[in-house]
Amino acid sequence: MNSGGCLGISSMKPCSNILILGKKSSIFGSPLLKRGHSGEYNLSKSQLKLYYSSIKANCSHNRKILGFRRVIDSNRRVFGGSGSNWGQSKVFLADRVKKNGSFRSVIANVASNIRNNSNSVGSRLPENSFENIYIQGGFNVKPLIIERIEESQDLFEKDEEKGKAEEVKVNDGTFGDTNRFSEAEVSEPTLGIHVSEVEKEAWELLRGAIVNYCGSPVGTVAATDPADKQPLNYDQVFIRDFVPSALAFLLNGEAEIVKNFLLHTLQLQSWEKTVDCYSPGQGLMPASFKVRNVPLDGRDGEFEDLLDPDFGESAIGRVAPVDSGLWWIILLRSYGKITGDYSLQERVDVQTGIRLILNLCLTDGFDMFPTLLVTDGSCMIDRRMGIHGHPLEIQALFYSALRCSREMLTVNDTTKNLVVAINNRLSALSFHVREYYWVDLKKINEIHRYKTEEYSSEAVNKFNIYPEQIPGWLVDWIPDSGGYFCGNLQPAHMDFRFFTLGNLWSVISSLSSDKQSEGILNLIEEKWDDLVAEMPLKICYPALEHGEWRIITGGDPKNTPWSYHNGGSWPTLTWQFTLACIKMGRPELARKAVAVAEQRLPGDSWPEYYDTKQGRFTGKQARLQQTWTIAGYLTSKMLLRNPEMASMLFWNEDYEVLEKCVCGLKTGRRNCSRLAARSQ
């Protein structure tokens with residue numbers, strides 16, 4: 001075996017995507033490089049497009065060649081040669097080679113051994129099984145992974161039979177081969193445990209939302225409302241929406257759909273994405289994708305499956321989904337923690353995907369703060385709601401993604417500087433949010449007495465917040481004990497609204513201190529009638545009303561007061577609330593919220609959100625049978641049933657990050673903000 005090792009593909013079932021390469025075929029206008037031969041080719045832009053030829057709907061095993069489209073940029077170079085230790089991605093191109101007068105089918109390898117499916121160095125696949133092409137390019141590399149196995153398809157069939165014999169039982173918290181789960185074994189969740197009729201209904205609806213790509217599950221659609229005649233994009237698979245579905249499947253022992261989802265969305269990461277002749281950063285993940293079944297040209301009765309991603313170029317407002325890449329990293333860590341299959345994280349293409357996302361987030365800019373600067377509508381609140389700037393939700397997810405990446409990145413000469421940058425950003429971000437975003441009775445009183453227009457490196461009112469910005473509702477609403485992180489912070493602006501997702505995820509990720517986390521849960525308990533009421537949980541509180549609503553939302557008819565993103569109640573937030581409560585030793589709060597939701601959701605057909613201040617009415621434009629409502633309920637129930645599993649999904653305090661200070665302002669004219677805060 002060569003020293004570089006052979007890099008394998010995932011265990012997803014072989015598709016009929018075809019890329020035909022004859023014995024003397026060329027790729028990108030250059031001859032196919034033979035093993036042991038090294039060379040470099042400078043390729044033109046027109047040569048650097050490799051098109052998906054796609055898939056027959058039935059994905060029969062008669063056509064088993066896989067290809068990818070539009071995934072290489074013009075700054076990449078193709079190398080040939082084996083035994084390389086570059087640490088870059090190897091690209092296995094499926095071909096159909098004419099040999100001895102007959103054609104030989106080349107198929108995507110499906111191996112029962114998980115490690116053979118890993119792109120990590122040292123895979124145990126035979127060297128003579130592949131034609132290898134290398135792609136080099138550091139952060140800009142996006143590996144294409146296509147491979148062929150032995151000449152005879154008999155090996156694939158034997159391997160498939162072996163896989164069936166190795167199928168493991170699920171729902172008992174154990175994992176064997178995480179890629180193989182028979183439908184018969186997963187049809188009943190939580191074997192040996194009493195499951196209510198509501199949970200059975202929820203599982204049936206969740207399975208009904210599964211989308212298949214080439215015969216393999218690849219995600220769940222946003223909603224399956226049978227009465228919806230204009231689904232818009234609710235018939236697509238959203239990255240953020242799929243997270244609770246993925247956790248429900250993982251907690252139930254079904255890992256294949258999650259692995260497939262992670263790998264397919266990773267491949268979409270490098271697709272061309274352009275709005276008005278401008279392309280965003282390469283690491284951007286799509287907001288969603290749709291599996292389209294279209295007829296094959298010139299072939300009557302034959303169809304192909306196409307993945308059609310949306311990076312925001314079709315979204316309302318054309319907003320890039322900043323949170324998609326962050327959720328993808330978080331889900332990748334969850335997959336490894338729950339299944340114990342860390343080989344997926346070790347794959348070269350997955351490692352590259354992580355680095356691309358981080359490179360996009362950590363790019364230097366004009367901003368003076370460690371928080372991410374984003375436009376309005378770039379997260380769960382994807383419409384104009386006045387959250388442009390540094391919204392808490394993005395900062396909490398960013399912090400989580402940084403901690404996940406630090407765990408998963410393979411540290412070597414290529415990544416060591418990135419790891420240093422991650423540690424530095426974690427330190428600065430945690431201090432910044434804890435120190436400046438926190439709101440409680442004491443902090444409000446401090447702001448009330450702020451001096452403004454301070455010109456000094458030692459200013460107390462660093463962001464020049466005017467005391468008049470303190471809203472009237474907050475003075476009477478804030479409890480004596482407890483507090484929360486404000487929704488946004490930037491120069492001369494502090495958004496005092498309570499945003500539930502950002503605060504809950506701050507608790508989960510330990511972006512908030514233990515004391516602050518306790519304060520957040522205390523506030524939710526104290527203000528239960530406002531934040532939970534008749535349906536958990538308010539996406540934000542309070543709603544924008546009257547002139548404020550018209551100015552900030554632009555008069556958005558969907559975001560009217562106490563509806564949708566403007567103070568609507570979203571049952572999917574229950575699973576994050578459950579996770580936060582279990583972490584802080586308060587599961588009784590989560591059980592109370594789940595019980596409230598359980599009383600209404602089945603009878604209301606599992607709506608997307610609820611309207612009115614108390615959450616009494618089904619949302620006026622809410623889709624029914626909303627998948628992440630269903631999955632959020634199931635995930636909450638399973639976490640409460642097995643709270644030890646929750647420890648795999650949250651983070652404890654990182655004291656190394658807390659003590660770390662890299663600003664270098666320990667002496668001299670200017671003082672370190674962290675040291676100054678400690679001295680107060």
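Where does Asp341 lie? You'll find Asp341 in the loop between α6 (322-339) and α7 (343-346); helices here are DSSP runs of H or I with at least four residues, strands are runs of E with at least two, and both are numbered from the N terminus. Before going on, keep in mind that this is a predicted model, in which local features need pLDDT of at least 70 and side-chain atom pairs count only at pLDDT 80 or more, while totals for chains, interfaces and linings use all residues. Residues are numbered from 1 along each chain as its sequence is written, and side-chain values use heavy atoms, with hydrogens and water left out.

Back to that loop. Asp341 has 5% relative accessibility, so it counts as buried (under 20% relative accessible area, against over 50% for exposed and in between for partly exposed, using a 1.4 Å probe and protein chains only). Its side chain also makes a polar contact of 2.5 Å with the side chain of Ser343. Such a contact is a pair of N or O atoms within 3.5 Å; within protein, one must be able to donate a hydrogen and the other to accept it, and residues adjacent in sequence count only if both atoms are side-chain atoms.

Now step back to the whole chain. It has 22 helices and 22 strands, and 60% of its 680 residues count as buried. Take the contacts (heavy atoms within 4.5 Å) between residues at least 6 apart in sequence: 74% of them join residues at least 24 apart.

Next, have a look at a hairpin. Strand β10 (residues 210-213) pairs with β11 in the antiparallel sense over 4 bridges; pairing calls for at least two bridges found by DSSP. Val211 has Gly219 of β11 as its bridge partner, and Tyr213 stands opposite Ser216. Between the strands sit 2 residues, and Cys214 takes a positive phi near 60° in this hairpin.

What about the two faces of β10? Val211 and Tyr213 make up the covered face, while Ile210 and Asn212 are on the uncovered one. In a regular strand the side chains alternate between the two faces of the sheet. As for β11 (residues 216-220), 5 of its 5 residues are buried, so the strand is largely enclosed by the rest of the structure.

Finally, there's helix α19 (residues 627-641), where 14 of the 15 residues are buried. At 1.5 Å a residue, times one less than the number of residues, α19 should span 21 Å, and its end C-alpha atoms are indeed 21 Å apart.
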